Amino acid sequence: MLMKGLRRFPVRFRILGVLFVLSIVNYLLRNNLSIALPSIRHEFGFTSTELGWILGSFNLSYALFQLPGGIYGDVYGPRRAMAWIAISWGVLTFLTGFAPALMAASTAGAIVSLIVAAT
């Protein structure tokens, strides 16, 4: 029933909907770290300097993975890149509890592919 209703929309609008949802999830994942910082600080007893190092490493890994994500999107195309990145994003987000820098690795590639797909 749902698929029959979705077929009324052109493919480009369905793809736009998926990209919109991915963008929202990406935004929430990147910004929920700032909401969680007080709890993290309290639970682990981190100082402001240590939290600065944690956030800095997150941002550095996020920036470093922009390049391979963009290259992958250019070489294999935005559709294949988004499919692969969305799957790896889910797996890496699951593993974030074990190594927080993994979340930056997956979302960085998604941002670049979203930009490539939108242009």
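These legends describe close-up views of a predicted model.

**View 1. The whole chain is built from helices.** The secondary structure of the protein chain comes to six helices and zero strands. Along the sequence the pattern reads α-α-α-α-α-α. The protein chain has 119 residues, and 27% of them count as buried. Take the contacts between residues at least 6 apart in sequence: 68% of these join residues at least 24 apart.

**View 2. Helix α2 packs against helix α3.** Two packed helices are described by the angle between their axes and the distance between the axes. Here α2 spans residues 11-44 and α3 spans residues 48-64. Their axes lie 11 Å apart, at an angle of about 160°. That angle makes α2 roughly antiparallel to α3, since angles over 145 degrees count as such. The crossing of α2 past α3 is right-handed.

**View 3. Side by side at the α2 and α3 contact.** Which residues of α2 meet α3? They are R30, L33, L37, I40 and R41. From α3, the partners are S48, L51, L55, F58 and Y62. By class, this contact of α2 with α3 holds seven nonpolar residues, one polar residue and two charged residues.

**View 4. F46 sits in the loop between α2 and α3.** F46 is found in the loop that links these two helices. Is F46 buried or exposed? F46 is partly exposed, because its relative accessible area is 25%, and buried would need a value under 20%. Neighbours within four places in sequence are set aside for the contacts that follow. F46 is then in contact with I40, R41, L51 and I54. Of these, I40 and R41 also take part in the α2 side of the contact with α3, and L51 in the α3 side.

**View 5. Helix α3 meets helix α4.** The axes of α3 and α4 come within 4 Å. They cross at roughly 25°. The two helices are therefore roughly parallel to each other, as angles under 35 degrees count as roughly parallel. Y62, A63 and L64 in α3 meet Q66, L67 and P68 in α4. The residues of this contact of α3 with α4 divide into five nonpolar, one polar and no charged. Y62 of α3 is also listed in the contact of α2 with α3.

**View 6. Helix α4 has a buried side and an exposed side.** Which residues of α4, residues 66-76, are buried? They are G69, G70 and G73. These glycines cover an arc of only 95° around the axis, which puts them on the same side of α4. An α-helix has 3.6 residues a turn, so residues three or four places apart point the same way. On the other side of α4, L67, I71 and V75 are exposed. L67 also belongs to the α4 residues that meet α3.

**View 7. G77 follows α4.** Past the end of α4 comes G77. The phi of G77 is positive, near 90°.

**View 8. I15 of α2 and R79 are far apart in sequence.** I15 is found in helix α2. With a relative accessible area of 34%, I15 is partly exposed. How many residues separate I15 and R79 in sequence? The two are 64 residues apart along the chain. In space they are 9.3 Å apart, C-alpha to C-alpha.

Key. Residues are numbered from 1 along each chain as its sequence is written. This is a predicted model: local features need pLDDT of at least 70, side-chain atom pairs count only at pLDDT 80 or more; totals for chains, interfaces and linings use all residues. Side-chain values use heavy atoms; hydrogens and water are left out. Axes are lines fitted to C-alpha atoms, for helices over the stretch in contact, and angles run from 0 to 180 degrees between N-to-C directions. Angles under 35 degrees count as roughly parallel, over 145 as roughly antiparallel, 65 to 115 as roughly perpendicular and the rest as oblique. A crossing is left-handed if the near helix is turned anticlockwise from the far one by less than a right angle, and right-handed if clockwise. Contact means heavy atoms within 4.5 Å. Ala, Val, Leu, Ile, Met, Phe, Trp, Tyr, Cys and Pro count as nonpolar, Asp, Glu, Lys and Arg as charged, and the others, Gly among them, as polar. Buried means under 20% relative accessible area, exposed over 50%, partly exposed in between (1.4 Å probe, protein chains only). The arc is that of the directions from the helix axis to the C-beta atoms.
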